Amino acid sequence: MLEELKKLSLVVRENEPLKNHTTFQIGGPAKIYLEVSEPAKLVECLKVIKAADMNYMLLGGGSNLVVSDAGFNGAVIKIKPRELKINDEQVKVDSGYSLAGLIMKTLDSSLTGLEFEAGVPGTVGGAIKGNAGTYGEAMDKIVKSIEYLDDDLNIKTIENNDCHFTYRHSIFKEHDTWLILSSILQLAKGDTKSSRDLIDQRIKYRMDSQPYGCPSAGCTFKNIIYTDEIAQQLKKLDWEISPKFKEYKKIPAAWVIENLGLKGKTIGKAQVSEKHANYIINLGGAKADEVIQLVSLIKQQVRDKVGIQLEEEIRYVGF
Ligand SMILES: Cc1cc2nc3c(=O)[nH]c(=O)nc-3n(C[C@H](O)[C@H](O)[C@H](O)COP(=O)(O)OP(=O)(O)OC[C@H]3O[C@@H](n4cnc5c(N)ncnc54)[C@H](O)[C@@H]3O)c2cc1C
């Protein structure tokens, strides 16, 4: 099998440490790690992998992942190179293109509309799958259609309305083995000076308020959807409730975790960030097991003391 994959791929490695491919810098080896140059080669590689009855997953920027210490018993695939084509206000972009690169390239072509992704690491494919975003806006705002490979390796196109986009969710989370190849995004000609200023402002805010530069997988938990019932539960606690929670219909998970006094809580080398309580950071050499223990502790305390069941935003691989 390896020989066949080597003919089709740019890179094939066995037992590749995934901590080298995740922003958390955590994770044991992938049985096989591949870098593939184009969709046609991807399909051929997948035929080989499927014939060997092996698990597989596509890796984007590795910025949303907690990979187990045992690693991933299958093939981890990265698609390279990445292309982007602009046609008036529409952009066709390959899934492996970085979000940061996409923002810069489209601004250079006088297109605006991606300000909400400023500072979000990773690739377009990963962002579509997790409907990533900030300030209440996410990829569903700009995605027009997506080309993907289904389980039978057919190339299909799906339109925005059929993508089941909700908060940090898309149909690709319901079908973990569908692989996003490219997407068409709808942007708009606009005032790029204001757009660049807003992006700079937001990145500065993120650097000031988040553990910038510390290995992490971003926010650990999804924010909590505001309901009157949850608001009543919170009123029983002696915590200062911002009117913004009701306005934006979200209660920040960070606010709950911080109020429980869990900032700085450390297990092994995994720590609840002192700067932003919804981030778990790797102090250096953290194990996935330590992250899992910290996640469990937070969930249990939030459940017991606040009556809310937190849901992870991070994604687990190899557990
Ligand atoms: C410091 C930091 C800040 C962050 N801030 C934010 C934020 O503000 N908002 C936010 O929403 N997120 C944030 N994140 C989380 C993360 O950046 C996003 O979830 C991002 O969209 C993940 O993209 P990725 O390419 O890194 O995906 P990965 O982490 O590589 O993968 C995530 C999932 O997507 C799958 N995947 C990747 N590419 C494809 C593809 N082409 N087809 C099918 N499946 C695919 C993977 O298999 C995996 O299941 C942050 C992360 C960090 C480290």
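**Why those labels? A chat about a predicted model**

Reader: What makes the radius of gyration of this chain agree with a compact globule?

Author: Keep in mind that this is a predicted model. For 319 residues, a compact globule would come out near 20 Å, and the chain has 20 Å, so the two agree. Along the principal axes, the C-alpha atoms fill a box of roughly 65 × 50 × 35 Å. As for burial, 40% of the 319 residues count as buried.

Reader: Why is asparagine 15 called exposed?

Author: Exposed takes 12 or fewer other C-beta atoms within 10 Å. Asparagine 15 has 11 such neighbours, so exposed is the label. This residue is in strand E1 (residues 11-17), and its phi is near 50 degrees, a positive value in a residue other than glycine.

Reader: And why is histidine 164 partly exposed?

Author: Buried needs 20 or more, exposed 12 or fewer, and partly exposed is what lies in between. Histidine 164 has 14 other C-beta atoms within 10 Å, so it is partly exposed. Look for it in the loop between strand E12 (155-159) and helix H5 (171-174). Histidine 164 also has a positive phi, near 55 degrees.

Reader: What is the shell around the ligand made of, by class?

Author: The shell has 12 nonpolar, 16 polar and two charged residues. Glycine counts as polar here. Of the 30 residues around the ligand, Gly60, Gly122, Gly125, Gly126 and Gly218 come nearest. Elements that give two or more residues include strand E3 (55-58) and strand E13 (179-186).

Reader: Which element gives the most to that shell?

Author: H4 does, with four residues.

Key: Residues numbered from 1 in each chain as written. Predicted model: local features only at pLDDT ≥ 70, side-chain atom pairs only at ≥ 80, totals over all residues. Near = placed C-beta within 6 Å. Rg over C-alpha atoms; globule rule 2.2 N^0.38 Å.
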